[in-house]
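Here are a few short exercises to work through with the model open beside you. Try each one yourself before reading the solution.

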Amino acid sequence: MNIGILALQGAFREHRHMLERLGAHAREVRLAQDLEGLDGLILPGGESTTMVRLLNEYDLWQPLRDFHASDRALWGTCAGAILLARQVTGGSPSLPPQPSLGAIDLTIQRNAFGRQVDSFTAPLEIQGLDTPFPAVFIRAPVITELGAEAEALAQWDGQTVLARQGNVLACSFHPELGQDTRLHSLFLDLARNAAY
């Protein structure tokens with residue numbers, strides 16, 4: 001499998017390491033032509049407003065929309081989930097609404113779990129996994145509303161933190177910051193199924 005990781009900012013190296021541990025070919029994506037030949041794409045955690053600025057600077061919004069329209073797999077983790085959402089809340093009232101790709105029919109609230117000092121790791125029960133997943137939450141968003149086609153795969157404290165719609169995954173936490181490769185394996189299965 002050829003999986004891209006948006007490498008403008010954030011935890012892209014950690015995702016690459018996880019994919020390589022699973023035997024996938026990982027490519028860092030910085031320009032539109034880097035998307036060619038990929039079976040799936042990960043939008044990593046980082047700082048979503050910085051990522052928005054860089055997506056504008058590198059003119060990547062439309063290539064990412066085209067990638068999604070081609071039915072290839074997408075996965076957004078933390079800030080990446082914010083970029084994939086239909087609607088983003090929790091931004092500064094003095095700024096315009098944060099743009100997003102609208103690749104998954106959900107509303108997500110930025111920084112819902114608090115500031116950096118409020119970060120935590122939690123054993124998360126995830127649909128399809130036999131044992132809890134060690135989820136790392138850092139200034140994490142929360143999914144506040146799911147559209148008709150999106151389904152919750154995990155909740156923490158009654159709030160949705162992992163959702164899927166077709167070939168698109170969005171999660172509030174950082175699965176790349178631990179040693180557990182099960183969610184990356186799940187994403188590779190999504191990409192493989194989308195490719196065939």
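**Exercise 1.** Leaving aside its neighbours within four places in sequence, which residues is P175 in contact with?

*Solution.* Keep in mind that this is a predicted model. Start by finding P175 in the loop between β12 (168-171) and α5 (182-195). Next, set aside the neighbours within four places in sequence; the contacts of P175 are then M18, W75, T77, F133, D180, L183 and H184.

**Exercise 2.** Decide whether P175 is buried or exposed.

*Solution.* Buried means under 20% relative accessible area. P175 has a relative accessible area of 2%, so it is buried. You can also look at A135: its C-alpha atom and that of P175 are separated by 6.1 Å, with their positions 40 residues apart along the chain.

**Exercise 3.** Find how strand β7 pairs with β8, and work out why β8 is largely enclosed.

*Solution.* First, the pairing: β7 (residues 120-124) and β8 run in the antiparallel sense, with five bridges. One to pick out is P123, whose bridge partner in β8 is P134. Then the surroundings: β8 (residues 133-137) has five residues and four of them are buried, so the rest of the structure largely encloses this strand.

**Exercise 4.** Where around the axis of α5 do its buried residues lie?

*Solution.* List the buried residues of α5: L183, H184, F187, L188, L190 and A191. These cover an arc of only 155 degrees around the axis, which puts them on the same side of α5. As a last check on the helix, its 14 residues should span 20 Å at 1.5 Å a residue, and the end C-alpha atoms are 20 Å apart, which agrees.

Technical notes:
Residues numbered from 1 in each chain as written. Predicted model: local features only at pLDDT ≥ 70, side-chain atom pairs only at ≥ 80, totals over all residues. Heavy atoms only, no water. Buried < 20%, exposed > 50% of the residue type's maximum accessible area, 1.4 Å probe, protein only. Helix = DSSP H or I, 4+ residues; strand = E, 2+ residues; numbered from the N terminus. Pairing = 2+ DSSP bridges. Contact = heavy atoms within 4.5 Å. Expected span 1.5 Å × (residues − 1). Arc of directions from axis to C-beta.
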